[in-house]
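Good morning, and thank you for coming. Please look at the sequence and the structure while I speak.

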Amino acid sequence: MNVTLEGRGALAPMDLSMTRSKAIVIGFWTITALFCLQIGFTAYAQMRLPQVAEAFTHLGFPDYFRVELTWAKLLGVVLLLAPVPARLKEWAYAGFAITLVSALVAHFAVGDGPEAWGWAAGTSVLWGLSYFLWRRRQATLVSA
């Protein structure tokens with residue numbers, strides 16, 4: 001049966017799992033790269049753009065928190081992109097989840113509209129996709 005399928009150009013079950021695995025890896029790296037670019041941009045903006053520093057003040061955060069958060073974001077990006085143990089990546093994802101949820105809560109608490117919290121919401125979607133694909137990739141590596 002398998003010989004017949006291969007003769008007609010169809011993919012054997014083994015080929016499908018390799019294709020699915022490759023799609024997960026490509027999807028993971030694409031989404032994670034976009035997520036890390038977004039987080040990297042926000043880290044840069046927090047340190048260099050005065051209007052972002054004013055937004056932190058508007059949200060009620062002290063100035064040192066803006067600097068601390070910038071360095072935490074940059075460390076998290078390194079952990080997501082570098083070949084480090086899975087536990088460190090898990091902690092980076094957890095830190096980003098807390099950061100993004102906190103950003104949304106802070107914007108909602110002061111009554112900001114979608115123009116202010118939309119970036120955090122969009123970045124949260126990228127975070128969710130990246131984390132989901134990372135977990136799928138980890139499961140694929142374990143079952144292989």
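Let me begin with a term. A salt bridge is a side-chain nitrogen of Lys or Arg within 4 Å of a carboxyl oxygen of Asp or Glu. Side chains of opposite charge can pair when their charged atoms come close. Arg66 and Asp63 give an example: their closest N and O atoms are 2.6 Å apart, so by that cut-off they form a salt bridge.

I should state at once that this is a predicted model.

Let us now consider the overall architecture. The protein has six helices and zero strands. Followed along the sequence, the pattern reads α-α-α-α-α-α. Of the 144 residues in the protein, 28% are buried.

I return to the charged pairs. How many salt bridges does the count come to? The count comes to two.

In the pair already introduced, both Arg66 and Asp63 belong to helix H4, where three residues, or about one turn of the helix, separate them. Are the two partners buried or exposed? Arg66 counts as buried, because its relative accessibility is 10% and the limit for buried is under 20%. Asp63 has a relative accessibility of 48% and therefore counts as partly exposed.

The other salt bridge joins the side chains of Arg135 and Glu90, with a distance of 3.1 Å from N to O. Arg135 is in helix H6 and Glu90 is in helix H5, so this pair ties together parts that lie 45 residues apart in sequence. Arg135 has a relative accessible area of 44% and is thus partly exposed. Glu90, with a relative accessible area of 26%, is partly exposed.

This brings us to the packing of the helices. Helix H5 covers residues 86-109 and helix H6 covers residues 114-143. Their axes are 10 Å apart and meet at an angle of about 160°. Because of that angle, H5 is roughly antiparallel to H6. The crossing of these two helices, H5 and H6, is left-handed.

How do H4 and H5 pack, and at what angle? The angle between H4 and H5 is about 140°, and their axes lie 9 Å apart. The two helices, H4 and H5, are therefore oblique to each other. The cut-off explains this, because roughly antiparallel requires an angle over 145 degrees. H4 passes H5 in a crossing that is left-handed.

Let us turn to a single residue within helix H6, namely Ser130. With a relative accessible area of 0%, Ser130 is buried. Which residue is 100 residues from Ser130 in sequence, yet 8.7 Å from it in space? That residue is Thr30, and the distance is taken from C-alpha to C-alpha.

Finally, we come to the surface. Val25, Trp29 and Leu81 make a nonpolar surface patch of about 230 Å². One of these residues, Leu81, is found in helix H4, which spans residues 63-81. Leu81 has a relative accessibility of 40%, and so it counts as partly exposed.

Let me close with a brief review. We have seen a protein of six helices, with one salt bridge inside H4 and another between H6 and H5. We have also seen H5 roughly antiparallel to H6, and H4 oblique to H5. Thank you for your attention.

Definitions and conventions. Residues are numbered from 1 along each chain as its sequence is written. This is a predicted model: local features need pLDDT of at least 70, side-chain atom pairs count only at pLDDT 80 or more; totals for chains, interfaces and linings use all residues. Side-chain values use heavy atoms; hydrogens and water are left out. Patches are made of residues with over 30% relative accessible area and no salt bridge: like charges are joined within 9 Å, nonpolar side chains (Val, Leu, Ile, Met, Phe, Trp, Tyr) within 5 Å. Accessible areas come from the Shrake-Rupley method with a 1.4 Å probe; for residues, only the protein chains shown count as cover. Helices (H or I, at least four residues) and strands (E, at least two) are DSSP runs, numbered from the N terminus. Buried means under 20% relative accessible area, exposed over 50%, partly exposed in between (1.4 Å probe, protein chains only). Axes are lines fitted to C-alpha atoms, for helices over the stretch in contact, and angles run from 0 to 180 degrees between N-to-C directions. Angles under 35 degrees count as roughly parallel, over 145 as roughly antiparallel, 65 to 115 as roughly perpendicular and the rest as oblique. A crossing is left-handed if the near helix is turned anticlockwise from the far one by less than a right angle, and right-handed if clockwise.
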